[in-house]
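Subject: Structure for your review

Dear colleague,

Please find below the sequence and the structure that I am handing over to you. My notes on what was found follow directly after them.

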Amino acid sequence: MSPHLTPPTTKPRVPNFSSGPCAKRPGWSVSKLENAFVGRSHRSEDGRSRIKEVIERSKTILGVPADYRLGIVPASDTGAVEMALWSLLGKYPLDILAWESFGLEWVKDVVDELKLPNLNVLKATYGSLPDLNQVDFSHDVVFLWNGTTSGVRVPNGDWIKDDRQGLTICDATSAVFAMEVPWQKLDVVTYSWQKVLGGEAQHGVIVLSPRAVERLESYQPTWPIPKLFRLAQKGKLIEGIFKGDTINTPSMLCVEDALDGLLWAESIGGLPGLIRRSEANLATIARWVEQSDWAAFLAQKPETRSCTSICLKIVDDWFTGLSPEKQAESAKKIAKLLQKQEVAYDIASYRSAPPGIRIWGGATVETTDIEALLPWLDWAYATVKQE
């Protein structure tokens, strides 16, 4: 009998390993929202001050340059990315990078919806990055910092030119607050609270460089822009978005929760503390993978491994010898078995990704919970294989 067929005795204290919405920060409870500014207008002086506090604390923790603008926008990170695509693209040719499902969604947008004529799509399969040396920075460039469904991140910003002509538009939702983001290399950055901060969903954040603001004020796309995507009006940036005047009504419960997450981030040392926690989770899984006879990172190169959306593939001969349908079925059985044991929730790989396991390792996840999870992964795999 395999030694892994005996269930471990220690379970993670918090079994929430979902890649979004992600685990709440340690010590969180609903009582943290009891002072939420509910039942009052978000446009009142007190309401605006709450929203503005989120903006200012976010900029401080992340080290956003003083001349960049940060605003809260509708529809999570997706809404923020769509705002950037619809409001800024079309002046220059576009290079767009895609190596997992969300990047491919942005490709679909610019091809099928915006119908951009001068377009260069740089693709790679799950586990790899496109050739970053092929990017033309006389064009606008759209890319993800971290592929949430592949566990592959760009290793740094050295490949981005300082003297670029086009704008760099970066979907960084599973990177911000867990990885170093070189702001001066990026003109638009988008993210949501529901990832590394463990915040509640539906709100997005967009960060604009002075170059992005200049584009908004000097260029009008040929297509109509819906109100929810509108960042400029009559040739001027809508400054209120970046001072607490949201485009539509935000949830003040979510705002309060975001404030709680930001205050927690400050209490553990700000961005360096957040990064340390995420990297410790990745390092713990990496040590386990080195000893595993059945699991490996989906990311092919160590420097591209995500420390938040940690994606694993199954490399055991038994599994790789199965049909694609049986592989998918077996991987789902592993995730369901762990859920039934109340050991890990929501760790199946993304539906369009290769069958495997995806573990959220962002800063709100305790390393001790990762350590407790890993023997259970061995147990679940051995149990499904025996069946």
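I begin with K115, which is exposed, with a relative accessible area of 58%. The model is a predicted one, and every value in this message was computed from it. K115 lies in the loop between α3 (101-113) and β3 (119-123). Its backbone deserves a remark: phi of K115 is near 55°, a positive value in a residue other than glycine.

A75 shows a comparable feature of the backbone, since its phi is positive at about 70° although A75 is not a glycine. This alanine sits in the loop between β1 and α2 (76-88). With a relative accessibility of 48%, A75 counts as partly exposed, because the exposed class begins only over 50%.

A further backbone feature is found at G20 and P21, which are joined by a cis peptide bond with omega at about -10°. P21 belongs to the segment before α1.

Overall architecture

The protein contains nine helices and 14 strands. For its 387 residues, a compact globule would have a radius of gyration near 21 Å, and the protein has 21 Å, so the two agree. Along the principal axes, the C-alpha trace spans about 70 × 50 × 30 Å.

Of the 387 residues, 58% are buried. Among the contacts with a separation of 6 or more, 73% are made by residues 24 or more positions apart. The accessible surface amounts to about 16,500 Å², and carbon and sulfur atoms account for 49% of that surface. As for charge, the protein has 43 positive and 47 negative charges, whose mean positions are 3 Å apart.

Cysteines

How many disulfides does the structure hold? The number is zero. C254 is in no disulfide, and the nearest cysteine sulfur, that of C22, is 14 Å away. C254 is buried, as its relative accessibility is 8%. For C307, the closest cysteine sulfur is again in C22, at 12 Å, which is too far for a bond; a disulfide would require the two sulfur atoms to be within 2.5 Å. C307 is likewise buried, with a relative accessibility of 0%.

Helix α4 and the loop before β1

Two arginines of helix α4 may be of interest to you. R215 is placed in this helix, which covers residues 210-218. Is R215 buried or exposed? At 3% relative accessibility, R215 counts as buried. Leaving aside neighbours within four places in sequence, R215 is in contact with L88, K91, Y92, D140, G166 and L167.

R211 is also located in helix α4. Its relative accessibility is 30%, so R211 counts as partly exposed. Not counting residues up to four places away in sequence, R211 touches R164, Q165, G166, L167 and D187. G166 and L167 therefore appear in the contact lists of both arginines, given that contact means heavy atoms within 4.5 Å. R211 and A328 are 117 residues apart in sequence, and their C-alpha atoms are 45 Å apart in space.

D67 lies in the loop between α1 (45-62) and β1 (69-74). With 44% relative accessibility, D67 counts as partly exposed. Which residue is found 7.1 Å from D67, C-alpha to C-alpha, although 142 residues apart along the chain? That residue is S209.

Helix α3

S101 is found in helix α3. At 10% relative accessibility, S101 counts as buried, because values under 20% fall in that class. Beyond its neighbours within four places in sequence, S101 is in contact with Y126, T149, Y350 and S352.

Summary

To recapitulate, K115 and A75 are residues other than glycine with a positive phi, and a cis peptide bond joins G20 and P21. The structure holds zero disulfides, and both C254 and C307 are buried. In helix α4, R215 is buried, whereas R211 is partly exposed.

With kind regards

Terms used:
Residues numbered from 1 in each chain as written. Predicted model: local features only at pLDDT ≥ 70, side-chain atom pairs only at ≥ 80, totals over all residues. Heavy atoms only, no water. Helix = DSSP H or I, 4+ residues; strand = E, 2+ residues; numbered from the N terminus. Rg over C-alpha atoms; globule rule 2.2 N^0.38 Å. Buried < 20%, exposed > 50% of the residue type's maximum accessible area, 1.4 Å probe, protein only. Areas by Shrake-Rupley, 256 points an atom, 1.4 Å probe, with all protein chains shown as cover. Lys, Arg positive; Asp, Glu negative; His and termini not counted. Charge placed at Lys NZ, Arg CZ, Asp CG, Glu CD.
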